[in-house]
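User: I'd like a close look at one part of this protein, and then how that part sits in the rest of it. Could you walk me through it in one go?

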Amino acid sequence: MRNAKNVIVGFGKAGKTLAFKLAAKGESVILLEKSEQMYGGTCINVGCIPSKLLYTLSTHASQPADYQRAVLNKTATIGKLRQANYQKIADLPTATVITGAAQFVDNHTLTIQMKDGTTETVVGERIIINTGATPVIPPITGLKSSGFVYNTETLMAHDVLPKHLVIIGGGHIAVEFATTYAQFGAKVTLLVRDDHLLPHLEAEAVAAIAASLADLGVVVRYHTLVTAVVDEEKQAVLSLAENQHTTDTLTADAILVATGRRPNIANLGLENTDVVVEDGAIVTDSRLKTAAPEVWAVGDVRGGAQFTYLSLDDSRIVWQQFFGDGQATLAQQELVPHVLFTNPPLATIGLSEAQAKATQVAYRVAKLSVASLPKTHIEGNTRGYLKVLVGQNDQILGATFFAVAAQEMINLISLAMHQGISYQVLRDQIYTHPSMMEGLNDVFGLIDR
Ligand SMILES: Cc1cc2nc3c(=O)[nH]c(=O)nc-3n(C[C@H](O)[C@H](O)[C@H](O)COP(=O)(O)OP(=O)(O)OC[C@H]3O[C@@H](n4cnc5c(N)ncnc54)[C@H](O)[C@@H]3O)c2cc1C
Ligand SMILES: NC(=O)c1ccc[n+]([C@@H]2O[C@H](COP(=O)([O-])OP(=O)(O)OC[C@H]3O[C@@H](n4cnc5c(N)ncnc54)[C@H](O)[C@@H]3O)[C@@H](O)[C@H]2O)c1
């Protein structure tokens, strides 16, 4: 049996950040990770980093072999990151990484199923659960057993570019993977059960993304459900129903299931603890404490929005309870930027115009086509727009940027909104040239015209 002051279950963003900081303070830490392929967690190994590397490489792709090279590049890159993530924790004298699936026996005791078949018992004064999320596979006849079905992890590991990739879903992953694989040259079809993509966005932004996908040759079919999948020798045959009526069939050599990810609590033994689970996620208070004393849940496993930067922020909320005033809560995550890696990327924060209208907030709005910015011509991508909303008190209410470098620019808007910086400050700021940031001079300049 091993003891530590801090036991962290899962090598995710929040868990590894806390493990490092606690061990750097000299506290004993045991970090439990079920797979040696997952040191560093989802983002590094099978999520953000590999998908954004492939996305970036796809923008330069011109032949199918580029995909194969990109997958090799991706595998090497994440291998280095995984090793660095492991060493960063394992090298600290008071930290131990144990590789094996953990299961609770009681609130503070876990058994670890080791690779060699043995088990270890670990006891912690504080327990931090950071086991992430796992893909949801809908109950479609033949889907699970099909040899042509992938999740994001297995698709990115497959080094043959699909001829026809069919993606089930119309959310974050569906749209990003459609963009990437179409840019590599695959034929891509999206099967969306609703009448639109990305329900969290305003119609104008959704239309801009739909137009970008259409230009990449992606076919999007709305109100369409897959009712069955049958494997043939070299492809799968999908039976489709549109508006509840059986319509036609589609063949594909790869099917990506992108129908959401649910908190990873299966086989965690939570029934042996006082931790409360609701709707498949661990319930916490606003400081991420579960119902079990000295047990916290952080990251995707606690339900809600799934983003690496929110998991990182969860680590701050917990850290403050150990080495701060303990006042940080989930309230600080109410206003955060989001990015979709489409072509170009779409970044949003705060209110959209549609939301402002619906809530009857008084606002002024400005929209600028980014083709007017010299930098977009240098980048070779003049598509998109910058849109900002400003309130009566000159504070920024929200922004939607569909533009090259939108994923970087939105962070300045976030800072301004959090710090209460008026739009005039961003309008009159001296930015470097040529840059996308200069667009802020222009778009905020349109507010008072
Ligand atoms: C394809 C894809 C692209 C994404 N792109 C982005 C993006 O661009 N930007 C962004 O912000 N977010 C993105 N996300 C979401 C982001 O990856 C997650 O929100 C984030 O990684 C969640 O981290 P976490 O801290 O909850 O835990 P995770 O990083 O998921 O770590 C959980 C760890 O726990 C381990 N584990 C699970 N059960 C056990 C157990 N019983 N015992 C021991 N260990 C266990 C797992 O193996 C895993 O390593 C993407 C996700 C996917 C799938
Ligand atoms: N850029 C980023 O920050 C980024 C990128 C990728 C993923 N992520 C994170 O990963 C999470 C998972 O992504 P995702 O795209 O799988 O989830 P999502 O919630 O964004 O989208 C799920 C989609 O699947 C559809 N769907 C659900 N059940 C279905 C069914 N039975 N049949 C057909 N369609 C169904 C939904 O209507 C929706 O369109 C996201 O919530 C996001 O937080 C973030």
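Analyst: Sure, let's begin with Pro 64. Beyond the residues within four places in sequence, Pro 64 is in contact with Leu 161 and Gly 185. Bear in mind that this is a predicted model. Pro 64 belongs to helix α4, which covers residues 64–90. Is Pro 64 buried, exposed or partly exposed? It counts as partly exposed, because it has 13 C-beta neighbours inside 10 Å, and the class between buried and exposed takes in counts above 12 and below 20. For a sense of distance, take Glu 176: it is 112 residues from Pro 64 along the chain, and their C-alpha atoms are separated by 19 Å.

Now the domains. The protein is divided into domain 1 (2–135 + 261–333), domain 2 (149–257) and domain 3 (338–445). Domains 2 and 3 have C-alpha centres 30 Å apart, and the contact between them involves 13 residues of domain 2 and 12 residues of domain 3. On the domain 2 side, α6 and α7 (203–215) each supply at least two of the touching residues. That side divides into seven nonpolar, four polar and two charged residues.

Helix α6 turns up again at ligand 2. The shell around ligand 2 draws at least two residues from each of α6 (172–184) and β19 (338–340), with α6 giving the most, at four residues. There are 21 residues around this ligand, and those that come nearest are Pro 138, Gly 169, Gly 171, Ile 173 and Gln 306. By class, the ligand 2 shell has 10 nonpolar, seven polar and four charged residues.

Ligand 1 has its own set of neighbours. Of the 35 residues around ligand 1, the nearest are Gly 10, Gly 12, Gly 41, Gly 132 and Gly 299. Several elements each put at least two residues into this shell: helices α1 (13–24), α2 (41–45), α3 (48–58) and α8 (308–323), plus strands β2 (29–33) and β3 (95–106). The class split for ligand 1 is 14 nonpolar, 16 polar and five charged residues.

For another single residue, try Val 237, which sits in strand β12 (residues 236–242). Val 237 has 16 C-beta neighbours inside 10 Å, so it counts as partly exposed. Setting aside residues within four places in sequence, Val 237 is in contact with Val 230, Glu 232, Thr 249 and Thr 251. Val 136 is 101 residues from Val 237 in sequence, and the two are 21 Å apart in space, C-alpha to C-alpha.

Finally, the annotations. An unreviewed UniProt entry places "domain: FAD/NAD(P)-binding" at residues 6–306. Over that stretch, residues 6–306, the chain is 29% helix and 31% strand, with its end C-alpha atoms 24 Å apart. UniProt also lists "domain: Pyridine nucleotide-disulphide oxidoreductase dimerisation" (unreviewed entry) for residues 336–441. Residues 336–441 come out at 34% helix and 27% strand, and the end C-alpha atoms there are 22 Å apart.

Note on methods. Residues numbered from 1 in each chain as written. Chains lettered and ligands numbered in written order. Predicted model: local features only at pLDDT ≥ 70, side-chain atom pairs only at ≥ 80, totals over all residues. Near = placed C-beta within 6 Å. Nonpolar A, V, L, I, M, F, W, Y, C, P; charged D, E, K, R; others polar. UniProt positions renumbered as here; feature names shortened; annotations may be inferred. Contact = placed C-beta atoms within 7 Å. Domains from an automatic or database assignment.
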